[in-house]
Amino acid sequence: MKQSGNHSSAETTMDTNKLPHRIQVVFRHADRVKPPVTLAEKVKTTAPSHLAAAFDELEKLIGLQDAKKMMYEIHALIRINKEREKHNLKLEKQVYHMVFKGNPGTGKTTVARLFGKIFKEMGILSKGHMIEVERADLVGEFIGHTAQKTRELIKKALGGILFIDEAYSLARGGEKDFGKEAIDCLTKALEDHGNEFICILAGYNDEMESFLELNPGLPSRFPIQLQFDDYTVDELMKIADLMAHGKEYQLSPGAREKLRNHLVRLRNDLFMMNFSNARYVRNAIEKAIRLQAVRLLSIGDLSREELITLQADDFVWPQS
Ligand SMILES: Nc1ncnc2c1ncn2[C@@H]1O[C@H](COP(=O)(O)OP(=O)(O)OP(=O)(O)O)[C@@H](O)[C@H]1O
Ligand SMILES: [Mg+2]
């Protein structure tokens, strides 16, 4: 007998070698059988290993709580649907087309690519790849060209994700513009093949809002809307550590302080309109890696510590 849960459990076993003809009772303490606490743990205990690994990748990204929560909800729904199926109950079918709103470098493309992987492991998409397009890929130069281009890209995206970056630029030219034809073609494809691929419209907040308002047919076809907030300085520092670690580098305490002060300055700079969040940090780390290499070039016999450590002097910005 095996029990798990919140209560102490007793296990009854027969150990014929040690105590013949006796029943041994082993008490297990509740704290050894810890129930999952976080949503992420709940997912991991209910997901097959490939899916759990894909969720792990999502979990490792800093912040992005809404995106993570939404994926866990979908996982739960699919699991429970399987149980309902066993009881011949109606299955809840959902539409997974999405809108991602957020400033540059807030993780939209990264998350979309990972969602493809997760949806594949969940069995919702057959391939899970991502086709990333923008206006120029969809809109043609003569009548009929746009429909042809759009249809071809949708065909390529079948089984995966069609990610349309700066989607609002499709509505840029007004009624006569071929962009409108691309939107119409996409809307039709969502009706015809809506279950065979997932379409994600991405772009900056305000532009996305007015794009959806101007195209009343769209919001109901894209029921999932995710907001990607700007990262806080703490989150950006965690992202810096994660990126450096991934490349087998580390930041010295001095480098960390210098980068943090710089990010605080940028965050408080009212004229800094297009701060590119995690991409800014990625560029800063990559530049520091180059400057570290130059610094180390003239030193013979480098230690492992020297090779992996980025110092404050390796972080240089035009204004500093
Ligand atoms: N939460 C995060 N944790 C770790 N790395 C991140 C995170 N968010 C973004 N990054 C990294 O920052 C970089 C920029 O992210 P990404 O390209 O996904 O942003 P984006 O929102 O698509 O930007 P844009 O709107 O400019 O296309 C990538 O290298 C990505 O790996
Ligand atoms: Mg992007």
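With 16 C-beta neighbours inside 10 Å, E166 counts as partly exposed, because that status lies between the limits of 12 or fewer for exposed and 20 or more for buried. The model in which this residue is placed is a predicted one. E166 belongs to the loop that runs between β5 and α7 (178–193). Its backbone is also notable in the model: E166 is not a glycine, yet its phi is positive, at about 45°.

A second residue invites the same kind of description. N277 likewise is not a glycine and has a positive phi, here of about 40°. Its setting is helix α11. N277 has 20 C-beta neighbours inside 10 Å and therefore counts as buried.

From these two residues the view can be widened to the chain. Its secondary structure comprises 12 helices and nine strands. The chain has 320 residues, of which 29% count as buried. When contacts between residues at least 6 apart in sequence are considered, 70% of them join residues at least 24 apart.

Five of the strands form an open sheet, in the order β4-β5-β6-β3-β7 and with parallel pairing. The edges are held by β4 (130–133) and β7 (224–228); each has a single partner strand, so one side of each is left without a neighbour in the sheet. From one strand to the next, the twist averages 20°.

Strand β5, which precedes the loop of E166, offers a convenient place to examine the sheet in detail. On one side, β5 pairs with β4 in the parallel sense over four bridges. Across this pairing, E132 stands opposite F163 in β5. β5 (residues 161–164) also runs parallel to β6 (residues 198–203), and four bridges join the two strands. Here L162 has C199 of β6 as its bridge partner, while I164 stands opposite L201 in β6.

The side chains of β5 can be read in the same way. In a regular strand, side chains alternate between the two faces of the sheet. I161 and F163 point one way from β5, whereas L162 and I164 point the other way. All four of these residues are buried.

Helix α8 (residues 205–214) packs on the sheet, where it touches β3 (98–102) and β6. The direction of α8 makes about 145° with that of β3.

The remaining feature is the surroundings of ligand 1. There are 17 residues around this ligand, and G107, K108, T109, T110 and A278 come nearest. Three helices, α4 (108–122), α9 (233–246) and α11 (277–296), each supply at least two residues of the shell. Helix α11 is thus met again, since it is also the helix in which N277 lies. By character, the shell divides into seven nonpolar, seven polar and three charged residues. With respect to domains, the shell draws at least three residues from domain 1 (39–228) and at least three from domain 2 (233–314).

Terms used. Residues numbered from 1 in each chain as written. Chains lettered and ligands numbered in written order. Predicted model: local features only at pLDDT ≥ 70, side-chain atom pairs only at ≥ 80, totals over all residues. Pairing = 2+ DSSP bridges. Axes fitted to C-alpha atoms, helices over the stretch in contact; angles between N-to-C directions. Contact = placed C-beta atoms within 7 Å. Near = placed C-beta within 6 Å. Nonpolar A, V, L, I, M, F, W, Y, C, P; charged D, E, K, R; others polar. Domains from an automatic or database assignment.
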